[in-house]
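This report describes the fold, the packing and selected residues of one protein chain. Please read it alongside the sequence and the model.

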Amino acid sequence: MDNKRHAEDCTRQELWEIRESYRLARYPATQVLVLCDLYQLPKADVLAIIGERPPVTLKSKERQAVEMYHQGASNQEISRQLHLAPRAVASYINREKEWERAQEIRARLLCTERGVVCGSTN
């Protein structure tokens, strides 16, 4: 599904509703997906609005893979060194990239909410 909206398109009421719904959710990780569907937003935008990662227990190998990614290692190198399937490494790295995108969106969103003009990173 191609989401047309972004966090910046949400009203103050919608932002409040998303944050409150996440805060009250019994299963926060699942609630993020529900909010994506309900508000037609990409996952990175919902993560940006709530301002935190859903609770996930990062396994030791996943943490190592993410650390290696940040140090510049390729997916193949990570897979080989940690004895992980290439698909697992890709999943870990994609999850990390999504969180990084959420942080960028959150910074823009906070500027918008405060009425501050933020510098462009492009």
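## Burial and overall fold

A residue is called buried when its relative accessible area is under 20%, exposed when it is over 50%, and partly exposed in between. By that criterion, 34% of the 122 residues in the chain are buried. The model is predicted, and the pLDDT of the chain averages 87, with 89% of the residues scoring at least 70.

The secondary structure consists of six helices and zero strands, so that the pattern along the sequence reads α-α-α-α-α-α. Among these elements, α5 has the highest mean pLDDT (95), and α6 has the lowest (88). Of the contacts in the chain with a separation of 6 or more, 62% are between residues 24 or more positions apart.

## Nonpolar cores

The largest nonpolar core holds 20 residues, and the members that touch the most others are I18, V32, L41, V46 and I49. Two or more residues of this core come from each of α1 (12-24), α2 (28-39), α3 (43-50) and α6 (86-114). Helix α3 gives the largest share, six residues.

A second core, separate from this one, has nine residues, among them A65, M68, L82 and L84.

## Packing of α1 against α3

Helices α1 and α3 pack with their axes 9 Å apart, at an angle of about 85°. The two helices are therefore roughly perpendicular, since angles of 65 to 115 degrees fall in that class.

On the α1 side, the residues that meet α3 are L15, I18, R19 and Y22; their partners in α3 are V46, I49 and I50. Three of the residues at this contact, I18, V46 and I49, also appear among those that touch the most other members of the largest core.

## Contacts between α1 and α2

S21 belongs to helix α1, and Q31 to helix α2. With neighbours within four places in sequence left aside, S21 is in contact with Q31 and L35. S21 and L35 are separated by 14 residues in sequence, and their C-alpha atoms lie 8.3 Å apart.

On the same basis, Q31 touches S21, Y22 and A25. The two residues differ in burial: Q31 has a relative accessibility of 17% and therefore counts as buried, since the limit is 20%, whereas S21, at 25%, is partly exposed.

## Helix α6

Helix α6 has 29 residues, which at 1.5 Å a residue should span 42 Å; the C-alpha atoms at its ends are 42 Å apart, in agreement with that value. Its buried residues are V89, Y92, I93, E96, E98, W99, A102, I105, L109 and C111. An α-helix has 3.6 residues a turn, so residues three or four places apart point the same way.

The elements that cover the buried residues of α6 include α1, α3, α4 (60-70) and α5 (75-82). After α6 comes G115, which has a positive phi, near 75°.

## A buried glutamate in α4

E62 is located in helix α4. With a relative accessible area of 5%, E62 is buried. Its contacts, neighbours within four places in sequence excluded, are Y92 and R95. Of these partners, Y92 is one of the buried residues of α6.

## Positive phi in two loops

Most residues other than glycine have a negative phi. Where does the chain place Q40? Q40 is in the loop between α2 and α3, and its phi is positive, near 55°, although the residue is not glycine. With a relative accessible area of 30%, Q40 is partly exposed.

H83 is likewise a residue other than glycine with a positive phi, near 55°. H83 occupies the loop between α5 and α6. Is H83 buried or exposed? Its relative accessibility is 69%, and H83 therefore counts as exposed.

How values were computed: Residues are numbered from 1 along each chain as its sequence is written. This is a predicted model: local features need pLDDT of at least 70, side-chain atom pairs count only at pLDDT 80 or more; totals for chains, interfaces and linings use all residues. Side-chain values use heavy atoms; hydrogens and water are left out. A nonpolar core is a set of buried Ala, Val, Leu, Ile, Met, Phe, Trp, Tyr and Cys residues joined through side-chain atoms within 4.5 Å. Buried means under 20% relative accessible area, exposed over 50%, partly exposed in between (1.4 Å probe, protein chains only). Helices (H or I, at least four residues) and strands (E, at least two) are DSSP runs, numbered from the N terminus. The expected span of a helix is 1.5 Å times one less than its number of residues. Contact means heavy atoms within 4.5 Å. pLDDT is the predictor's confidence in each residue, from 0 to 100. Axes are lines fitted to C-alpha atoms, for helices over the stretch in contact, and angles run from 0 to 180 degrees between N-to-C directions. Angles under 35 degrees count as roughly parallel, over 145 as roughly antiparallel, 65 to 115 as roughly perpendicular and the rest as oblique.
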